[in-house]
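Please open the model in your viewer, with the cartoon drawn and the sequence panel visible, and keep a selection tool at hand. The stops below are meant to be taken in order.

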Amino acid sequence: MRRAWRERTDKARWRASGWAVIAATLIWPAWLVDGARGLFFAATLIPLSALVLIASGYTLRPARTARKARDGLAPEPAERTPSLWRTILRWSLAGPVGMIAAMAVGISYAVWAPGEAQTRLLIGGLIVPVAWGGAMAWTLADSRILRATAVLIGTALVGFGAAMLRGFA
């Protein structure tokens with residue numbers, strides 16, 4: 001499949017062979033070991049082979065020179081000098097406010113998703129740390145604090161609001 005992306009001609013043959021290799025990687029361990037464990041081995045082998053393939057084409061390039069900043073423009077938010085209030089707001093958004101928004105998503109999923117109650121609660125509970133980690137990473141990486149504030153508070157309001165609507169119905 002890597003050749004299919006690189007080459008200009010005969011892409012169909014390389015794509016077909018790439019998908020055949022992926023299918024063989026799924027079927028071979030399942031046939032060799034057994035159904036459940038074999039699929040687990042296959043699910044491990046496919047990303048491992050992709051990592052080897054990516055690592056084999058790794059090249060170290062020299063870094064690009066930075067562009068000279070234009071004079072007279074306001075500094076980018078990432079280039080501003082940090083202030084105490086921005087730092088406190090950013091960390092409080094990443095911590096407790098992000099956790100509240102993540103809990104709203106998890107509870108809303110547990111309330112609205114189809115299926116057994118135990119499954120919904122389990123998946124809703126597993127969504128919370130993943131959503132919280134995403135909220136933390138996004139809040140700390142985003143240079144616009146007000147946008148992060150609006151999205152996290154909006155997510156919390158919509159999530160808890162949706163969960164309450166289900167309770168009224």
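The tour goes from the whole chain to a helix, then to packed helices, and ends with side chains.

**The whole chain**

Begin with everything selected, and keep in mind that this is a predicted model. How many helices and strands does the chain come to? The secondary structure amounts to 6 helices and 0 strands, so that colouring by secondary structure, followed along the sequence, shows the pattern α-α-α-α-α-α. If you then colour by accessibility, buried residues account for 18% of the 169 residues in the chain.

**Helix H2**

Select residues 11-32, which form helix H2. With 22 residues at 1.5 Å a residue, this helix should span 32 Å, and its end C-alpha atoms lie 31 Å apart, which agrees. While H2 is still selected, show the side chains and pick out Gly18, Thr25 and Pro29, which are buried.

**Helices H4, H5 and H6**

Next, hide the rest and keep residues 84-112 for helix H4, together with residues 117-141 for H5 and residues 145-168 for H6. Two packed helices are described by the angle between their axes and the distance between the axes, and each pair here can be looked at in that way.

Turn first to H4 and H5, which pack at an angle of about 150 degrees with their axes 7 Å apart. That angle makes H4 roughly antiparallel to H5, and the crossing of these two helices is right-handed.

Now move to H5 and H6, where the packing angle is about 160 degrees and the axes are 9 Å apart. These two helices are therefore roughly antiparallel to each other, and H5 passes H6 in a right-handed crossing.

To complete the set, look at H4 and H6, whose axes are 8 Å apart and meet at an angle of about 25 degrees. That makes H4 roughly parallel to H6, and the crossing of H4 and H6 is left-handed.

**Residues on H4 and H5**

With H4 and H5 still displayed, select Met99, which lies in helix H4 and counts as partly exposed at 31% relative accessibility. Add Trp132 to the selection and draw a distance between the C-alpha atoms: Met99 and Trp132 are 33 residues apart along the chain, yet their C-alpha atoms are separated by 5.3 Å.

Go on to Met136, found in helix H5, which is partly exposed with a relative accessible area of 33%. Its partner for this step is Val97, which is 39 residues away along the chain, with 9.4 Å between the two C-alpha atoms.

Then select Leu126, which also lies in helix H5. Is Leu126 buried or exposed? Leu126 is exposed, because its relative accessible area of 53% is over the 50% cut-off. A distance drawn from Leu126 to Gly106 should read 7.7 Å from C-alpha to C-alpha, although the two residues are 20 residues apart in sequence.

**Charges over rings**

For the last stop, show the side chains of Trp112 and Arg166, and rotate until you look down on the ring. The charged end of Arg166 sits over the ring of Trp112, at 4.9 Å from its centre. Then centre the view on Trp85, where Arg86 lies over the face of the ring, 5.8 Å from the ring centre. If you go on to search for pairs between aromatic rings, there will be none to select, as the structure holds 0 aromatic pairs.

Notes. Residues are numbered from 1 along each chain as its sequence is written. This is a predicted model: local features need pLDDT of at least 70, side-chain atom pairs count only at pLDDT 80 or more; totals for chains, interfaces and linings use all residues. Side-chain values use heavy atoms; hydrogens and water are left out. Rings of Phe, Tyr and Trp (its six-membered ring) pair if their centres lie within 6.5 Å; planes under 30 degrees apart count as stacked, over 60 as edge-to-face and the rest as tilted. A charge sits over a ring if NZ of Lys or CZ of Arg is within 6 Å of the ring centre and within 35 degrees of the ring normal. Helices (H or I, at least four residues) and strands (E, at least two) are DSSP runs, numbered from the N terminus. The expected span of a helix is 1.5 Å times one less than its number of residues. Buried means under 20% relative accessible area, exposed over 50%, partly exposed in between (1.4 Å probe, protein chains only). Axes are lines fitted to C-alpha atoms, for helices over the stretch in contact, and angles run from 0 to 180 degrees between N-to-C directions. Angles under 35 degrees count as roughly parallel, over 145 as roughly antiparallel, 65 to 115 as roughly perpendicular and the rest as oblique. A crossing is left-handed if the near helix is turned anticlockwise from the far one by less than a right angle, and right-handed if clockwise.
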